[in-house]
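Hi,

Here is the structure I promised to pass on. Have a look at it first, and my notes on what turned up are underneath.

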Amino acid sequence: MTAAEVTGTYTDRSFLNRQEMVGDFNKLKFAELELRLEVGADGDISGELVFTDSLSMDIVGQVSGDSPVTLTLTGKGRPGTSIADFHYEYDCRVLRHWENGINQRMTLAGAVLRAADHGSGASLARAGQTASSPR
């Protein structure tokens, strides 16, 4: 696999890392967004994490390795938007493609870290929250 093959659009589903059983799978939901990545020949990544048609975080990062292919990403809210103070860090890798898999898509899986507080008052989201994320 080449780094350029990571270019594409992914469904980003992130789940809270909770040790205890929750009984309701929805209690684990952290986010469900669209991740668009463009990888240059040098392995540099640019892209966006899309919340809505008019609200996105800018994504930058780097692809490294070839077995497995790994990605290190930083996402920051765009200035002047309601998510301008968002800052997240992502580490992921391309999962194995099963030769006899049915309807399998390329899958990125890893972890996300809220790298900075965002929001305020009752809607304050503290830095340090982690989630697991297949994309």
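I'll start in the middle of a strand pairing: Tyr-90 has Val-112 in β7 as its bridge partner. Keep in mind that this is a predicted model, so take everything below as computed from that prediction.

Staying with that part of the chain, Glu-89 is bridged to Leu-113 in β7. These belong to the pairing of β6 with strand β7 (residues 108-114), an antiparallel one with 7 bridges. On the other side, β6 (residues 87-94) runs antiparallel to strand β5 (residues 70-77), and 7 bridges join those two as well. There, Leu-73 is the residue opposite Tyr-90 of β6.

Now the overall picture. The chain has 8 strands and 0 helices, so reading from the N terminus you get β-β-β-β-β-β-β-β. The 8 strands close into a barrel with antiparallel pairing, in the order β1-β2-β3-β4-β5-β6-β7-β8. From one strand to the next, the twist averages 30°.

Where does β8 pair with β1? Strand β1 (residues 8-16) meets β8 in the antiparallel sense over 2 bridges, and Leu-16 stands opposite Ala-131 of β8. With β7, β8 has an antiparallel pairing of 5 bridges, where Ala-111 sits opposite Ser-132 of β8. Strand β8 itself (residues 130-134) has two faces: Ala-131 and Ser-133 are on the covered one, while Thr-130, Ser-132 and Pro-134 are on the uncovered one.

On to the aromatics. The count comes to 4 aromatic pairs. One of them is Phe-15 with Phe-25: the ring centres are 5.4 Å apart and the planes are at 50°, so this pair is tilted. Phe-15 is in strand β1, whereas Phe-25 is in the loop between β1 and β2 (29-39), so the pair ties together parts that are 10 residues apart in sequence. With a relative accessible area of 23%, Phe-15 is partly exposed, and Phe-25 is exposed, at 56%.

Another pair is Phe-86 with Tyr-88, which is edge-to-face, with 6.0 Å from centre to centre and 65° between the planes. Are these two residues buried or exposed? Phe-86 and Tyr-88 are both buried. They also belong to a cluster, in which ring pairs link Phe-30, Phe-51, Phe-86 and Tyr-88.

There is one charge-over-ring contact to look at too: the charged end of Arg-96 sits over the ring of Trp-98, 3.8 Å from the ring centre.

Finally, the whole-chain numbers. A compact globule of 135 residues would have a radius of gyration near 14 Å, and the chain has 16 Å, which agrees. The C-alpha trace spans about 50 × 40 × 25 Å along its principal axes. Of the 135 residues in the chain, 31% are buried. Among the contacts with a separation of 6 or more, 40% are between residues 24 or more positions apart.

If you only open one view, I'd go for the stretch around Tyr-90, with Leu-73 opposite in β5 and Val-112 as its partner in β7.

Cheers

Conventions
Residues numbered from 1 in each chain as written. Predicted model: local features only at pLDDT ≥ 70, side-chain atom pairs only at ≥ 80, totals over all residues. Heavy atoms only, no water. Pairing = 2+ DSSP bridges. Helix = DSSP H or I, 4+ residues; strand = E, 2+ residues; numbered from the N terminus. Buried < 20%, exposed > 50% of the residue type's maximum accessible area, 1.4 Å probe, protein only. Axes fitted to C-alpha atoms, helices over the stretch in contact; angles between N-to-C directions. Phe/Tyr/Trp six-rings, centres within 6.5 Å; stacked < 30°, edge-to-face > 60°. Lys NZ or Arg CZ within 6 Å of the ring centre and 35° of its normal. Rg over C-alpha atoms; globule rule 2.2 N^0.38 Å. Contact = heavy atoms within 4.5 Å.
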